[in-house]
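Visitor: I am new to this structure and should be grateful for a close look at a single part of it. Please choose one place to begin and lead me outward from there.

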Amino acid sequence: RCCYLPPPCLPSSSSSSASSPSCRSTSRTMMYAYLLLASCILPAQSMAFAPSAVSSSLAIPALRPTVNHRSRFVSSSSLAAARRSPILMMATETSTESVAESTGVYACTQCSSPISLEESECRNCGAAIKREEVGYVDLTPESMKKRKVSTSSSSSSDESSPVQTLRQLANNPLVSAFLAGAGAQMDGQPLRQELFRTPVVSWLYERGWRAGFASAGFPGIEKEYELVMDFFQEARNKTVVDLSCGSGLMVRRLAKSRAYSKVIAVDYSENMLGEVIQRKKEENCPDFDIIRADVASLPFVDGSLDAIHSGAALHCWPYVQDGLKEVHRVLKPGGRFFASTFLWGVPDEVISLQANLGPRQRQYRFFSVEELEWLMRGAGFKDVNVERRDRCALIRCRKEEATV
């Protein structure tokens with residue numbers, strides 16, 4: 001704005017003849033100063049010259065588009081405004097715009113800004129992006145909130161604190177599963193979740209555990225894969241996610257189909273993701289991203305995914321309502337959600353819907369058809385179809401199309 005303010009000591013037209021030489025010299029100096037300042041601020045195409053020497057000598061920080069933290073979404077209008085910024089034209093290669101364009105789907109679980117898996121921290125808030133040695137990226141909220149500590153002394157003091165030690169102990173899947181089984185589970189760590197974080201169950205899952213679901217009416221992985229591919233027709237050449245992927249039974253098939261431009265495996269269990277990585281190598285599977293994430297806080301940008309599959313998983317989620325809300329949030333308008341889960345082996349009318357919602361009511365969570373329909377519509381999904389197959393439910397629904 002200062003480029004358009006009249007510089008001090010400029011002579012007016014009526015008094016130009018009466019102005020002193022010193023005043024005229026000062027005026028010329030001020031005019032040169034304003035022109036120099038304008039050359040650094042105004043867009044280059046509007047200037048008659050390009051002050052490359054001046055601009056290259058100035059250290060101008062890159063600007064980031066405004067982030068709406070309430071909706072966890074970087075608006076297209078704010079991003080476009082940032083692109084038009086004359087200062088951003090001089091440093092756009094290192095801005096958040098480049099991160100958003102290179103990744104497209106991932107977001108920080110602390111500040112919701114777009115992130116790149118190739119970097120070690122969020123550019124906006126500094127939250128850690130931790131790549132584990134086994135090969136997956138940990139984007140859970142508890143992992144990302146651990147920011148880099150500048151001094152080694154503060155880091156060592158934090159690690160040795162009793163509170164930190166107890167938290168690490170409670171996060172051990174063997175300990176948390178034992179506590180949950182004994183009725184002393186930690187908040188958000190029910191047995192139905194922690195059991196699948198243990199190395200024993202992760203190892204057994206694809207060695208007979210999952211095949212046993214056929215007795216409850218589950219169609220089997222090959223048949224479910226066919227159903228998923230048919231339901232995801234509109235997501236061809238787009239981005240799909242296998243949420244709560246387990247050992248990778250479905251995600252490996254989705255990747256091998258080569259029907260999608262990007263395939264992402266997501267699970268909360270560290271040991272399950274280890275199985276995914278091992279089997280991916282053994283089968284020489286096409287590449288796909290492997291992410292550790294919490295279903296109640298998915299590390300994706302709003303409206304960035306085209307389809308999500310979650311097989312035999314909803315009954316393991318600590319808070320089903322929160323997870324479904326997150327699935328709805330990250331899907332694009334018209335995006336599709338396919339899931340399978342367990343139903344009660346008793347008539348629907350004897351099930352209390354409200355009593356079945358909390359994470360502590362029972363070790364395992366089962367549903368009625370009516371409840372699943374209610375949960376899907378409550379999360380915002382349309383065209384909800386819950387197909388009953390004995391004690392198995394196959395769920396198909398979609399996110400409503402955007403209205404103009």
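Guide: Let us begin with a pair of helices in this predicted model. Helix α10 covers residues 199-209 and helix α13 covers residues 270-282; their axes come within 8 Å and cross at roughly 45°. Because of that angle, α10 counts as oblique to α13. The crossing in which α10 passes α13 is right-handed. On the side of α10, the contact is formed by Pro-199, Val-201, Ser-202, Trp-203, Tyr-205, Glu-206 and Arg-207, while α13 contributes Asn-271, Met-272, Glu-275 and Arg-279. By character, the residues of this contact are five nonpolar, two polar and four charged.

A second pair of helices leads toward the sheet. Helix α14 (residues 320-330) packs with helix α15 (residues 369-379) at an angle of about 50°, and their axes lie 8 Å apart. The angle therefore makes α14 oblique to α15. Here, too, a handedness can be given: α14 passes α15 in a right-handed crossing. The residues that meet are Val-320, Gln-321, Leu-324, Lys-325 and His-328 from α14, and Leu-375, Met-376, Gly-378 and Ala-379 from α15. This contact divides into five nonpolar residues, three polar residues and one charged residue.

We now turn to the sheet itself. It is an open sheet of nine strands with mixed pairing, and its order is β1-β2-β5-β4-β3-β6-β7-β9-β8. At the edges stand β1 (130-131) and β8, each with a single partner strand, so one side of each has no neighbour in the sheet. At the edge formed by β1, two bridges join this strand to β2 (residues 137-138), and the two run antiparallel. Within that pair, Lys-130 stands opposite Asp-138 of β2. Helix α14 packs on the sheet, where it touches β3 (239-243), β6 (305-311), β7, β8 and β9, and its direction makes about 150° with that of β7. Helix α15 also packs on the sheet; it touches β7, β8 and β9, and its direction makes about 160° with that of β8.

Strand β9, which both helices touch, deserves attention of its own. The strand spans residues 392-399 and is mostly covered, with seven of its eight residues buried. In the order of the sheet, β9 stands between β7 and β8. Toward β7 (residues 331-342), the pairing is antiparallel and consists of seven bridges; in it, Phe-338 stands opposite Arg-396 of β9. Toward β8 (residues 381-389), the pairing is likewise antiparallel, over seven bridges. There, Lys-382 has Arg-398 of β9 as its bridge partner. Strands β8 and β9 form a hairpin with two residues between them, and in this hairpin Asp-390 takes a positive phi near 60°.

Finally, these parts may be set within the whole chain. Its secondary structure comes to 15 helices and nine strands. The chain has 404 residues, of which 47% count as buried. Among the contacts with a separation of 6 or more, 63% are between residues 24 or more positions apart.

How values were computed: Residues numbered from 1 in each chain as written. Predicted model: local features only at pLDDT ≥ 70, side-chain atom pairs only at ≥ 80, totals over all residues. Heavy atoms only, no water. Buried < 20%, exposed > 50% of the residue type's maximum accessible area, 1.4 Å probe, protein only. Helix = DSSP H or I, 4+ residues; strand = E, 2+ residues; numbered from the N terminus. Pairing = 2+ DSSP bridges. Axes fitted to C-alpha atoms, helices over the stretch in contact; angles between N-to-C directions. Parallel < 35°, antiparallel > 145°, perpendicular 65-115°, else oblique. Left-handed = near helix turned anticlockwise from the far one by under 90°. Contact = heavy atoms within 4.5 Å. Nonpolar A, V, L, I, M, F, W, Y, C, P; charged D, E, K, R; others polar.
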